[in-house]
Amino acid sequence: GQPPAPPATPPPGLCASLPAADSPPARLRRLSKLELEHTVADLLGSTAVAAVSAVEADTRALGYSTGDERGVTDGYVDRLRGVAEALAAEARKGLTPTAIEKLGTGCLASDGNARACAGSFLVDFGRRAYRRPVADDERTLLLEVYDAGRALGTDAGSRFATGLEWATRAILQSPHFFFRSELGAPGATGATVTLTAYEIASSLSYAVIASPPDATLLASAERGALATAEGRIAEAQRLMSARPERFRSQLQRFLQEWLQIDFENPEWAKSTTEYPFFAEAVKAGLRTEADMFFGDWAAQPTLTTLLTSSESFVGPANAVVHGVAAAGSIMTKTRLDPGRRAGALTLPAFLGSHAHSDSSSPTLRGAAIVKQLICGELPPVPAVVPPLPAADGSTVKTTRQRFQQHVASPFCASCHEVFD
């Protein structure tokens, strides 16, 4: 399919009140676990990804899954060593006679030929692993590792394979592999620097598809095509089209984290007294609905559709929440009552994430919209907050009636009029 068009220029004045965004500081960013999985898959194939399972899960810095501001602990180093050893052994399996011949003529004919072929392999593999060309001094050091491993072999084939396994392991334990650099050219100083072409390529690719730059993007970096906004937009659109499943997955993850949808939070231990229909199967159905809603939206993403569409996905597990009958045994795209469902902010996944386990919460939903959608700041919660009246079915029968107390009190209304 065609990649989405670049965003149109906003109408004059629409963003006039927003402060100018500061450039992020120069930094090193550790690959997130998802980025590491995609990087390994692109380097060594999908079967190698299982080795990454040993790496610790991401934390959500500022609410998002990222490797930013993640250091390197002793435990991480130990796990990374194990991953590198497993991946290097996997890479060794690919050194078939046919693959070796592609590295050069007569690679196993002599030790000199083998070392030259190893150098070719390490320059190519290192370029893809480091997302930039391998420097001459790096090539020299990697060949020294190759020589050390090669000495353990018993014949020409095993010497060559063992040497490359050792050198590959060194590449996969290098900070140039599991960190992304945003430091600018060597010698650049200051909190803000101009990224190199290869840093731009990595930043663009990991942002759009959570993956390393492919050969085409690296070639664009090499010839300076990423120096302009037009060049970067063209490559971003190409990546969306070339890897639609990863682009869709990246959008799904971003949107759910942006809207703070998290089914692992304690709010999702819903009370079956208040919600008799709730069960783990219902929760799983709502999770699937959110995934499918955002995945479907990603095929033709517009802000209007995201925030106003009355279509969602309904199946036997979540039909009870929508008050409709499922059309079949699988989740099906269904047009719902537009008076009740209009876009992502009315998805049960969003509403249930910004609620309590035993009640809904207009306050939590409104606060999420203020913070996440319009980037507003909320004042600190007062030290003493009077409780709301219970919905006892007598004088107070609805959530709306309970929350009227917020705006009835001047002390509360100053804030709650904004987000309730």
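**Exercise 1. Work out how Phe-254 and Trp-258 are placed along helix α11 and how their rings meet.**

*Step 1.* Phe-254 and Trp-258 are four residues apart in helix α11 (residues 244-258), so about one helical turn separates them. Helices here are DSSP runs of H or I with at least four residues, strands are runs of E with at least two, and both are numbered from the N terminus.

A word on the model before going on: it is predicted, so local features need pLDDT of at least 70 and side-chain atom pairs count only at pLDDT 80 or more, while totals for chains, interfaces and linings use all residues. Residues are numbered from 1 along each chain as its sequence is written, and side-chain values use heavy atoms, with hydrogens and water left out.

*Step 2.* Now look at the rings. Rings of Phe, Tyr and Trp (its six-membered ring) pair if their centres lie within 6.5 Å; planes under 30 degrees apart count as stacked, over 60 as edge-to-face and the rest as tilted. The whole structure holds 10 aromatic pairs. For Phe-254 and Trp-258, the centres are 6.2 Å apart and the planes are at 5°, so this pair is stacked.

*Step 3.* Tyr-64 joins Phe-254 and Trp-258 in one aromatic cluster.

**Exercise 2. Decide for Phe-254, Trp-258 and Gly-323: buried, partly exposed or exposed?**

*Step 1.* Take the cut-offs: buried means under 20% relative accessible area, exposed over 50%, and partly exposed in between (1.4 Å probe, protein chains only).

*Step 2.* Phe-254 has 39% relative accessibility and is partly exposed. Trp-258, at 17%, is buried.

*Step 3.* Gly-323 sits in the loop between α14 (319-322) and β6 (332-335). With a relative accessible area of 65%, Gly-323 is exposed.

*Step 4.* For the whole protein chain, buried residues make up 40% of the 420 residues.

**Exercise 3. Describe how α8 and α11 pack.**

*Step 1.* Two packed helices are described by the angle between their axes and the distance between the axes. Axes are lines fitted to C-alpha atoms, for helices over the stretch in contact, with angles from 0 to 180 degrees between N-to-C directions.

*Step 2.* The axes of α8 (residues 197-209) and α11 come within 7 Å and cross at roughly 75°.

*Step 3.* α8 and α11 are therefore roughly perpendicular (65 to 115 degrees; under 35 is roughly parallel, over 145 roughly antiparallel, the rest oblique).

*Step 4.* Finally, find the contacts, meaning heavy atoms within 4.5 Å. Tyr-206, Ala-207, Val-208 and Ile-209 of α8 meet Arg-246, Phe-247 and Gln-250 of α11.
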